[in-house]
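Dear colleague,

I am passing on the structure we spoke of, with its sequence, and would be glad if you read the notes beneath with both open.

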Amino acid sequence: MNSGGPAEEPKTVLFGLTPRHLAGPGDPAVLTGRLLGDGWSNHSPAGRPQVLLLSPQETLYVSLSPVDPDPKSLWWRIGHTQQGWSAGFGARCPIEAIAAFTHALTAPPPREVPEVWHVLEDRGWTLKGTVDRYAHSADATAVISRRPQAGGQTAWTSEVCVPGAFGRQQMVWRAVVPESAPAHATAAFTATLADPSPVPRAHGAPSYAHGHVSVHHSAAGAGPEALGKLPDPPAGPNPRRRR
């Protein structure tokens, strides 16, 4: 019976999923909400699904263009307007890792920047190769490598694949971070991606990851704000927002 009081908002049920690279994209507000709260300006086109945010000094930008369903497509673009570098992240890349990369760009760099290979190895990834070096996750579904790109630039490339039909590998998402991007931001991205702790998701395991993810807990009644916590930096002093 309706008591006449205000209707209760539906509760959000959060699931903790691992590994992070197969947990699904998560809530974009983890990134966009934090940036807007930190004074970034919104230049997103009205009536279109694209997002474009600029930092207060207009030296950094974050864009989202959800138009191409190809898993190889890089929906998120984060770059520097003056230095010219641009990093790209696929639609299914965990938003926590993208947020860690962006957050590191707006904070003073740590005194010591951890090497990406050491970050991954410390989190249980396996290093392979000497010249063409790469690292893969414990379940072998994610690979991070440092390789030349078209135009001669070198970049850190992340590729996540799961077994598909007829023994073929099905790509889930990929990311490309040029070596010209700040090293501490790249380290923050890889550290957050490879973190073995669960990330919260508002739904069950994505269909492409059935059989490859673990559900660690569920929290009935948790509010959407639980999705908005930024990860801690991988190393160095606690970053403070640059003013």
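What follows describes the sheet first and then the helices.

This is a predicted model, in which local features need pLDDT of at least 70 and side-chain atom pairs count only at pLDDT 80 or more, while totals for chains, interfaces and linings use all residues. Residues are numbered from 1 along each chain as its sequence is written, and side-chain values use heavy atoms, with hydrogens and water left out.

The strands (DSSP runs of E, at least two residues; helices are runs of H or I, at least four, and both are numbered from the N terminus) include 10 that form an open, antiparallel sheet in the order E2-E3-E4-E5-E6-E11-E10-E9-E8-E7. Its edges are E2 (41–42) and E7 (126–128), each pairing on one side only, where pairing requires at least two DSSP bridges between two strands.

Helix H2 (residues 95–105) packs with helix H4 (residues 183–194) at about 155 degrees, their axes 8 Å apart; the axes are lines fitted to C-alpha atoms, for helices over the stretch in contact, and angles run from 0 to 180 degrees between N-to-C directions. That angle makes H2 roughly antiparallel to H4, a term used for angles over 145 degrees. Among the residues making the contact (heavy atoms within 4.5 Å) are Phe-101 of H2 and Phe-189 of H4.

In helix H1 (residues 29–37), Val-30, Leu-31, Thr-32 and Leu-35 are buried, that is, under 20% relative accessible area with a 1.4 Å probe, protein chains only. These buried residues pack against E3, E4, E5 and H2.

With best wishes

Key: Parallel < 35°, antiparallel > 145°, perpendicular 65-115°, else oblique. Buried < 20%, exposed > 50% of the residue type's maximum accessible area, 1.4 Å probe, protein only.
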